[in-house]
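Here is a short tour to read alongside your viewer. Keep the sequence open too, and follow along at your own pace.

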Amino acid sequence: MQRSGLLMKLHLLLLSVFVVTPVMAAMPSTGSPAPDFTLRTNSGINLKLSEHRGEVIMINFWATWCGPCRQEMPELDRLYQKYRKTGFLLLGVSVDDKPEAARAMAQQLKVSFPVLFDDRKQASRLYDVDAMPSTLLVDRHGVVRFVHRGYRAGVEKQYEEKLRELLRQ
Amino acid sequence: MIKHGMLGVTIVLLCGCASMVPDVKPYEREQLADPIMSFSRDTLSDQHRNHVFDVRESARGATTTEGGGCGCN
Amino acid sequence: MREHSSAMRVTGPRIRIGLLLLQVLSAGYGLTAVEAAVLPEDRSDLMYHYYDGGGVSVSGPAVLVRKSIGDSVSVSGRYYVDTISSASIDVVTTASPYHDRREEMGVGIDYLHGNSLVTMSLTSSKENDYLADTYSINVSHELFDGLTTLSLGFSQGKDTVQRVDTSFEDQVNRYNYRIGLSQVLTRTLLLGLAFEDVAEEGYLNNPYRAARVLGAYLPERYPRARDSQAISTRLIKGFGSAARPLSTSVYVDYRYYRDTWDIRAHTLSLGLQRYLGDRWIMEGRARYYTQNRASFYSDNFPIEMTYMARDKELSTFQDYSLGVKFSWMFAKQRFLFINRASLNLSYDYIFFSYDDFTDPRTGELYSFGANILQFFITAWY
């Protein structure tokens, strides 16, 4: 009886380790500074995140092979079109191995915001992207204020709400 | 007996899965998302082929595997 | 009889595995990562299939349509026809050649909730002397940011067996229990494990087939229960170069099978899939299957027994197959509502070789070759 109780405890302990371990690595949390990166864009120039202090920035990690990402792109573009004149910058960071694939897909989806090529996964690693797509909002002071993993239709309303709040600040 | 067995399986899962967790990040799954890395590239075609073997052989079952890939297609 | 008691015997492990799975699934719900599973792709397949071998030819169309509704529901529909013309070794010796048509219809619904995908489906198949209805439920759950997928499935089927020439009618009840695991091991290596238990009870023979006792033909007699377990594993490995990170993949499949009729079987498959340019995928594959006979099988019984079968599927035999498949992605740009489309051709040659089933016409051990051909078009939207 006692022996099996001990076994049960050991079992539960192991299970709890099993449950907790994968959660430890994480994307930047809200309130922490947004890690800086420099990446090549689809217009050929290099873009450095910290050079855009003063703007509200959305960083969206996406890939051509990710279905939900492709679904989200047109919604993101609508947001960009609507708020770009009010100090909003949207960066679509492609994690594709081949920048050409990302460029072609961006053209096909007719997105107007800058697409950045993270083919070497520097930014992805820096942000420890743990879901595809992943979306972050960074305020005018370079602080992460919102993190969203994955995509579900309708979540862009949540993005917009948060974005308007940050634009007002 | 049962508890020993379950403990054993839990340990195997721990060793088998937990150590793999950090290895392949979601942004590193481009190859896994490719059709040639899926368990069944064309469902209808595979169902028909399996059916042909199923009715001519005694063995049955355990032919489909869910998931795999990148959980992102 | 042993086949009855064995149905009871497997209940223990089955419940235990179920408990374990529930435990792991509930552990999964404890994870805070909210990256979700995804619905199956929206696609449709239209296929023509053809089989011929051993005096049997089967052909017909098949169609599979799948469409998502919103972002958490996907529905699918399947229609499949077999037009059968049979003058197989079973009928040339004891019955007359026949023609038949089998129609199968299926509907399914997938519901996505967080990291879990629940699939329910109904399938109904109809022939002039065989009716089958099956319902299935499957739950798959992603763990560890989608690196691991666990699935649990159950199906229940009810068949009605008839004879076209008499008023004979009987039933078969079938229960399938499935557990699956897929695990991403590296960026280019994937492992799949599957287990399935099938428990059947009812009329399991073919009502037209006969057993042979000292050269005389008598109706076959089978036990009314059969319970089987199969376990399989699949590995897929991708290869590529710096310029093209993935150009080729190789898979290895192995399945072990056993049942309460004392049949043991091994299936081994190997395959290679390779991109040729941007638009072509070529696949080459080989498969080997071997089984030993059922405990109540005999080519020619020396005395009359309680159970007697002379079905070649229950004999000791091997089959070998070699196949190729070509897929041509002929449309990669969006056209109307279609995102891309492909044309596919698949062919397999199978050779069956029986160790204890003789051809009564010649007295020699029986063997035959067969062809499987598929031609299908796929559209993604």
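The report below goes from confidence to single chains and then to a contact between two of them.

## How confident is the model?

Please bear in mind that this is a predicted model. For chain A, the mean pLDDT is 86, and 85% of the residues reach at least 70. Confidence is uneven along the elements of chain A: strand β5 (residues 115-117) has the highest mean pLDDT, 97, while helix α1 (residues 2-20) has the lowest, 51. In residues 16-24 of chain A the pLDDT falls below 50, and the model gives this stretch 17 contacts beyond near neighbours in sequence.

## A closer look at A:Asp119

If you would like one residue to click on, try A:Asp119, in the loop that joins β5 to α4 (122-126) of chain A. A:Asp119 has 17 C-beta neighbours inside 10 Å, so it counts as partly exposed; to be buried it would need 20 or more.

Leaving aside residues up to four places away in sequence, A:Asp119 touches A:Asp96, A:Asp97, A:Lys98 and A:Pro99. Its C-alpha atom is also 9.5 Å from that of A:Leu39, although 80 residues separate the two along the chain.

## Chains B and C

Chain B has 73 residues, of which 53% count as buried. Its secondary structure consists of two helices and zero strands.

Chain C has 381 residues, and 31% of them count as buried. Its secondary structure comprises three helices and 18 strands. Among contacts in chain C with a separation of 6 or more, 55% are between residues 24 or more positions apart.

## Helix α2 of chain B

Helix α2 of chain B covers residues 43-54, twelve in number. At 1.5 Å a residue the helix should span 16 Å, and because its end C-alpha atoms are 16 Å apart, the model agrees with that expectation.

Which residues of α2(B) are buried? They are B:Leu44, B:Ser45, B:Gln47, B:His48, B:Arg49 and B:Val52. An α-helix has 3.6 residues a turn, so residues three or four places apart point the same way. The buried residues of α2(B) pack against four strands of chain C: β1 (43-53), β2 (56-69), β17 (340-358) and β18 (365-380).

## Where chains B and C meet

The contact between these chains draws 43 residues from chain B and 65 residues from chain C. On the chain C side that touches chain B, there are 29 nonpolar, 24 polar and twelve charged residues.

Key
Residues are numbered from 1 along each chain as its sequence is written. Chains are lettered from A and ligands numbered from 1 in the order in which they are written. This is a predicted model: local features need pLDDT of at least 70, side-chain atom pairs count only at pLDDT 80 or more; totals for chains, interfaces and linings use all residues. The expected span of a helix is 1.5 Å times one less than its number of residues. A residue is buried if 20 or more other C-beta atoms lie within 10 Å of its own, exposed if 12 or fewer, and partly exposed in between; C-beta atoms are placed from the backbone. Two residues are in contact if their C-beta atoms, placed from the backbone, lie within 7 Å. Ala, Val, Leu, Ile, Met, Phe, Trp, Tyr, Cys and Pro count as nonpolar, Asp, Glu, Lys and Arg as charged, and the others, Gly among them, as polar. pLDDT is the predictor's confidence in each residue, from 0 to 100.
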